[in-house]
Amino acid sequence: MVIENLNDLEKFAYSLAPLLKEGDVINLIGDMGAGKTTLVNSLARFFNIYDSSSPTFAIVNIYDGDIRIYHLDLYRFESPDDLLDIDFETYFYPESAITFLEWAENGEGYLPDDMINIRIDKLGPSTREITILNDTERAKEINDLLGN
Ligand SMILES: Nc1ncnc2c1ncn2[C@@H]1O[C@H](COP(=O)(O)OP(=O)(O)OP(=O)(O)O)[C@@H](O)[C@H]1O
């Protein structure tokens with residue numbers, strides 16, 4: 001779907017967020033500046049989390065609101081084995097939380113199968129195309145619920 005601006009992004013986030021549940025892993029695919037972090041922040045706001053922009057370059061950020069969110073940015077990984085230095089099973093198989101991944105390809109080989117893969121393409125300064133890939137069972141459920 002085409003998103004014209006940040007306001008549209010917030011609306012999209014607020015339509016998606018209520019469909020998410022504990023155990024979900026959302027993988028955000030997109031170039032630098034596509035809007036992955038911005039989308040996580042909008043989704044987090046739905047759950048009453050307002051401090052989800054980290055000033056540091058942490059690999060894992062944990063936010064607590066109506067739900068717990070794990071936000072992982074694997075951009076700085078040199079190898080997927082860097083995951084062995086963190087408690088990746090907690091994040092990739094969250095029991096009482098939702099996980100958002102950025103640059104998940106850097107964790108290839110360790111990733112869970114049933115992620116919700118969302119692609120963000122930058123079409124213009126504020127225009128984005130957002131696609132929930134129909135490639136997993138959970139993503140298909142979400143797409144059905146969204147009427148996609
Ligand atoms: N419709 C839109 N959706 C998302 N971001 C937008 C939109 N319009 C403008 N932006 C701006 O684009 C920038 C996206 O940056 P953001 O950090 O979210 O990207 P990112 O994909 O997380 O990049 P990185 O991989 O470097 O972390 C922000 O400054 C945001 O305000």
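**How the ligand and the strands are described**

Reader: How do the residues of the shell around the ligand divide into nonpolar, polar and charged?

Author: In this predicted model, the shell around the ligand is made up of 7 nonpolar, 6 polar and 4 charged residues. The ligand is surrounded by 17 residues, and G33, K36, T37, T38 and S126 are the closest.

Reader: What makes the pair between the ligand and the side chain of T38 a polar contact?

Author: A polar contact is a pair of N or O atoms within 3.5 Å. An oxygen atom of the ligand is 2.5 Å from an N or O atom in the side chain of T38, and therefore this pair counts as a polar contact. By the same cut-off, the pair formed by a ligand oxygen atom and a side-chain N or O atom of R128, 3.1 Å apart, is therefore a polar contact as well.

Reader: Which helix gives the most to the shell around the ligand?

Author: Helix 2 gives the most, with 3 residues.

Reader: Why are strand 2 and strand 6 said to pair?

Author: Two strands pair if DSSP finds at least two bridges between them. Strand 2 (residues 25-29) and strand 6 (residues 116-122) have 4 bridges in the parallel sense, so they are said to pair. Within strand 6, I118 is the bridge partner of L28.

Reader: In what sense do strand 6 and strand 7 pair, parallel or antiparallel?

Author: Strand 6 and strand 7 (residues 128-132) pair in the antiparallel sense over 5 bridges, and a hairpin of 5 residues joins the two strands. R119 stands opposite T131 in strand 7.

How values were computed: Residues are numbered from 1 along each chain as its sequence is written. This is a predicted model: local features need pLDDT of at least 70, side-chain atom pairs count only at pLDDT 80 or more; totals for chains, interfaces and linings use all residues. Side-chain values use heavy atoms; hydrogens and water are left out. A residue is near a molecule or strand if one of its heavy atoms lies within 4 Å of it. A polar contact is a pair of N or O atoms within 3.5 Å; within protein, one must be able to donate a hydrogen and the other to accept it, and residues adjacent in sequence count only if both atoms are side-chain atoms. Ala, Val, Leu, Ile, Met, Phe, Trp, Tyr, Cys and Pro count as nonpolar, Asp, Glu, Lys and Arg as charged, and the others, Gly among them, as polar.
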